[in-house]
Amino acid sequence: MRWVTPLRYRWSAPSKIFFFILAIATLIAPVPYVFFKPGVPDDISGSLISIKKATTYPIHGRLFITSILVTNPDAPVFGAETLFNWAVGPNVVLPRTVVYPQRVNDQKESSQSQEEMSNSQVSATSAALKYLNYPVVDHFVIKDFRSYSAAKGILQLGDQVIEIDGKKIENINQIRESYANKKVGESLAITVRRKDSSGVLSVKTVNVPLVANQDSPKQSDTPEPFIGVLVGIDAEFPIEVKFNLENVGGPSAGLMFAIAIVDKLTSEDLVRGRSIAGTGTISSDGKVDAIGGIEEKMIGAARKGATIFLAPRSNCPDIRHYAKGLQVIPVTSLSEAISVLRAPDTSKFPRC
């Protein structure tokens, strides 16, 4: 019997050189991806939050706000980096268009992130003080306009949003909810408190057309309605709360900020020597909502020695892997989170 030997193609030297150069070029060429990595949590139980004009108490234990490290919109990402981060956990690699809109850049993203952090700090302070029955007055203020917004010339910077379509606005989420079921081209009746050049306040109701959201990374055949304004939160507090944090952005630390403020303003020992981490946006009425990068934040918390992690209940479907030694407890509000911390160590809580 004769065996047939498979044909072998012999590469010429120029072909080998060409494909070698091609492979190297692929590894060093920029690619449209973004990396997510666990950040290093900050302990806010000490001086990172300071309070004046009120009696304060020390926090006995550690309270961590968690973060993720995300590639900036304009930062180059190379093929070799992408392969490495795909291969090495617990890093996540996603297409850039899934994370950032086409029009966003480093400066714009940083500015928005800092505004979100500022809003988060005000909302957390408001939620904590309301929980403790302090008198608080919230104001939702127009801070900026998108370039494509139809609200320019109708609304003004500094306008305080009071009502939308006749419904009183009591937290910032209600502004987004007011047009969730509307279509592009429809209008909102927005009532604002406006101060003129002489400092005189007046109340006006204006009709603002909704435009298509050009900054949304979502891919859809139906345009997403959008007012195209950046709304910030100002508030009147009877005490002074200062956040001494740098190089931290986004809204996800709100829940932990609020818990720290409550613990500092009460003689009750909520932390009881434990290492507690968590995440979640918070509205001024104490509602806790979802954030991004939940698993990366859990990993960062476990690395710092946290044993309890408070997570928004709405993030439960996003959690598929748990960090070893970390008890993840879902909550929907500040009051629920504080009830969890008050409970005895032997208490059993539902998991995601």
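In the predicted model, the crossing of helices H6 and H8 is right-handed. The axes of these two helices come within 10 Å and cross at roughly 60°, and H6 and H8 are therefore oblique to each other. On the side of H6, the contact is made by Leu-255, Ala-258, Ile-259 and Val-262, which meet Leu-334, Ala-337, Ile-338 and Leu-341 of H8. An α-helix has 3.6 residues a turn, so residues three or four places apart point the same way.

Several residues of this helix pair recur in the largest nonpolar core, which has 41 residues and in which Leu-63, Leu-255, Met-256, Phe-257, Ile-259, Leu-310 and Leu-334 have the most contacts. At least two residues of this core are supplied by each of the helices H4 (106–131), H6 (254–265) and H8 (334–342), and likewise by each of the strands S3 (49–52), S4 (62–65), S15 (240–243), S19 (308–312) and S20 (327–331). The largest share, 9 residues, comes from H6. Apart from this core lies another, of 25 residues, among them Phe-145, Tyr-179, Val-211 and Ile-233. In soluble globular proteins, nonpolar side chains tend to be buried together.

The surroundings of Leu-310 illustrate the larger core. When neighbours within four places in sequence are left aside, Leu-310 is in contact with Leu-255, Met-256 and Ile-259, with the run Ile-276, Ala-277, Gly-278 and Thr-279, with Ile-329 and Val-331, and with Ala-337, Val-340 and Leu-341.

For the protein chain as a whole, the secondary structure comes to 8 helices and 20 strands, and 43% of the 352 residues count as buried. Among contacts with a separation of 6 or more, 72% join residues 24 or more positions apart. The accessible surface comes to about 19,200 Å², of which 53% belongs to carbon and sulfur atoms.

Helix H7 (residues 294–303) is largely enclosed by the rest of the structure, because 7 of its 10 residues are buried. The buried residues of H7 are Ile-294, Glu-295, Glu-296, Lys-297, Met-298, Gly-300 and Ala-301, so that charged residue types appear in this list alongside nonpolar ones. H7 is followed by Gly-305, whose phi is positive, near 95°.Positive phi values also occur at two residues that are not glycines. Asn-133, with a phi of about 70°, lies in the loop between H4 and strand S7 (137–145) and counts as exposed at 70% relative accessibility. Arg-272, with a phi of about 55°, is found in the loop between H6 and strand S16 (275–278) and counts as partly exposed, its relative accessibility being 31%.

Two further sites may be described individually. Ser-283, in the loop between strand S17 (281–282) and strand S18 (288–289), counts as buried at 2% relative accessibility, and beyond residues up to four places away in sequence it touches Ser-123, Ala-127, Asn-171 and Asn-173. Arg-193 is found in strand S10 (residues 187–195) and counts as partly exposed at 30% relative accessibility. The C-alpha atoms of Arg-193 and Val-203 are 4.5 Å apart in space, the two residues being 10 residues apart in sequence. Not counting residues up to four places away in sequence, Arg-193 touches Gly-158, Asp-159, Gln-160 and Ile-162, as well as Leu-201 and Ser-202.

Definitions and conventions: Residues numbered from 1 in each chain as written. Predicted model: local features only at pLDDT ≥ 70, side-chain atom pairs only at ≥ 80, totals over all residues. Heavy atoms only, no water. Core = buried A, V, L, I, M, F, W, Y, C linked by side-chain atoms within 4.5 Å. Buried < 20%, exposed > 50% of the residue type's maximum accessible area, 1.4 Å probe, protein only. Helix = DSSP H or I, 4+ residues; strand = E, 2+ residues; numbered from the N terminus. Contact = heavy atoms within 4.5 Å. Areas by Shrake-Rupley, 256 points an atom, 1.4 Å probe, with all protein chains shown as cover. Axes fitted to C-alpha atoms, helices over the stretch in contact; angles between N-to-C directions. Parallel < 35°, antiparallel > 145°, perpendicular 65-115°, else oblique. Left-handed = near helix turned anticlockwise from the far one by under 90°.
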